[in-house]
Amino acid sequence: MRDILPPESGRWRRFTDVFADVVERAGYGQLITPLLEDLGVFTRIGDATDVVTKEMYDFVDKGDRHIALRPEMTASVCRAFAEHRPTTPWKVFYSGSNFRYEKPQRGRYRQFDQVGIEVLGADDPNLDVEIIALAWEFYARLGLRQVKLIVNSLGEPDDRSRYVEALRTHLVAAGDGLSEQSRTTLERNPLRVLDSKREADQPHIAAAPQISDFHSDEAAAHFQAVLAGLRALDIPFAIEPKLVRGLDYYRRTIFEFQGGTLDSAQNALGGGGRYDGLVEALGGPATPGVGFALGVDRTLLACDDEGVFSAEPVVLDAFVVDVTGGIQASAITAELRAAGFAVDRGYDNRSMKAQMKLANRSGARFALIVGDDELAAGTVVVKPMQGGGEQLAVARSEISAHLATELATRLRQN
Ligand code: HAM
């Protein structure tokens, strides 16, 4: 778990602001759910999922309830839907922290943030296309160019079950040829073996049956409609028949966004898919659902690697240097901040030299200096700190108007 300090924290806020801007204009409203849920909300995600069986922060609270810190947000959204029964299609977005007891490394943390969207109550393949297009637009807004979209379909639940059995048979036949790890995974969830990066497993994975051969006509038609929609929007994608994703609730469309620069184990910047059936499992009516979540931590690492969407410290318009005790600085900063300027000041009545050093370090465009002479004359000395220009004394009552004119002039010159 990490601390996020300024100016990096400002970048996190801008990240969620940009995301909210993209999805709110597509009709998504923000849903805020608790960080803690009844453990049962998450165990419904599936008992063959590491996220649920191994990685959950769960505990018994003082009221003897078995609860867990959320490892992801889709289950919470479905729980909220089952509880409030809003009209459909219900289009929501979220942002916040999730907790998984994983082995920490670059791009993998025990507390990490996600932004995401979910739509409940519509089956339309155009919706799968819409959400992918929104993620695509978001990446473009961040400036990322190396993101790859991979898609697959897990078919209907029956297709998926038949496939899992065929895959199990194929992998069991490999016997000791499989890595020890994969032999254990195979017992719990054959699909996850397809994710293995181990050398020994690769020939068996390459020769494994493909899910597309098990698609019902209905599932195949839904998938083809999604692909046609992506082509119509010129969104480049690759079909990855071995893509299975780590959560058990998926049916039909699944997809992942991969970064071009991170280690392959951490290169999934985000992912999602359909999970028709999850709302029912949480006590609601049968309701189709589709959505995705994007990892904030990882996406920002990808931004660093691509040199885009960098952290920007707040640019100050002015820094007030008051060597008459500090009351003048209080009055001037309050007045200028209320007028919309970004203004900081020195404290502790430090010397002119010390405060000027601070003004310099702050990166402010102007220093506004008040000494005994200025106080007596009712003026403030305005000293340009960036980009040259003369310093001059300005009447105290004119300071806001003067600053506005000077900043506008500089803006024009740039
Ligand atoms: P997920 O693939 O488990 O899906 O997580 C989505 C993204 O969260 C990942 O691609 C990754 O960027 C980020 N992430 C996951 N675990 C970590 C970690 N330990 N450290 C840093 N980042 C991490 C879900 O969570 C689904 N709820 C997505 C979804 C929404 N499906 C349908 N709707």
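**A walk around the ligand and beyond**

Start by selecting the ligand: 27 residues surround it, counting any residue with a heavy atom within 4 Å. Glu72, Thr74, Glu102, Tyr109 and Tyr250 are the closest. Keep in mind that this is a predicted model, where local features need pLDDT of at least 70 and side-chain atom pairs count only at pLDDT 80 or more, while totals for chains, interfaces and linings use all residues. Residues are numbered from 1 along each chain as its sequence is written, and side-chain values use heavy atoms, with hydrogens and water left out.

Next, colour the shell by class. You'll get eleven nonpolar, nine polar and seven charged residues; here Ala, Val, Leu, Ile, Met, Phe, Trp, Tyr, Cys and Pro count as nonpolar, Asp, Glu, Lys and Arg as charged, and the others, Gly among them, as polar.

Now show the polar contacts (pairs of N or O atoms within 3.5 Å). At tyrosine 109, a polar backbone atom sits 2.8 Å from a nitrogen atom of the ligand. Glutamate 118 brings a side-chain N or O atom to 2.9 Å from a ligand nitrogen. Click glutamine 114 too: one of its polar side-chain atoms is 3.1 Å from a ligand oxygen. Of the 660 Å² of accessible area that the ligand has on its own, the protein covers 96% (Shrake-Rupley method, 1.4 Å probe).

Switch to cartoon view. Strands E6 (111-120), E10 (268-274) and E11 (289-295) each give at least two residues to the shell, and E10 supplies the largest share, six residues. Helices (H or I, at least four residues) and strands (E, at least two) are DSSP runs, numbered from the N terminus.

Leave the ligand and select helices H5 (residues 125-142) and H10 (residues 217-232). They pack at about 40°, with axes 8 Å apart; axes are lines fitted to C-alpha atoms over the stretch in contact, and angles run from 0 to 180 degrees between N-to-C directions. That angle makes H5 oblique to H10, as it is neither under 35 degrees, nor over 145, nor 65 to 115.

Finish with some backbone oddities. Most residues other than glycine have a negative phi, and most peptide bonds are trans. Proline 6 and proline 7 are joined by a cis peptide bond, omega about 5°, with proline 7 in the segment before helix H1 (8-24). Threonine 88 and proline 89 are also joined in cis, omega about -5°; look for proline 89 in the loop between helix H4 (74-84) and strand E5 (90-99).

Note on methods. Polar contact = N/O pair within 3.5 Å; in protein donor to acceptor, adjacent residues only side chain to side chain.
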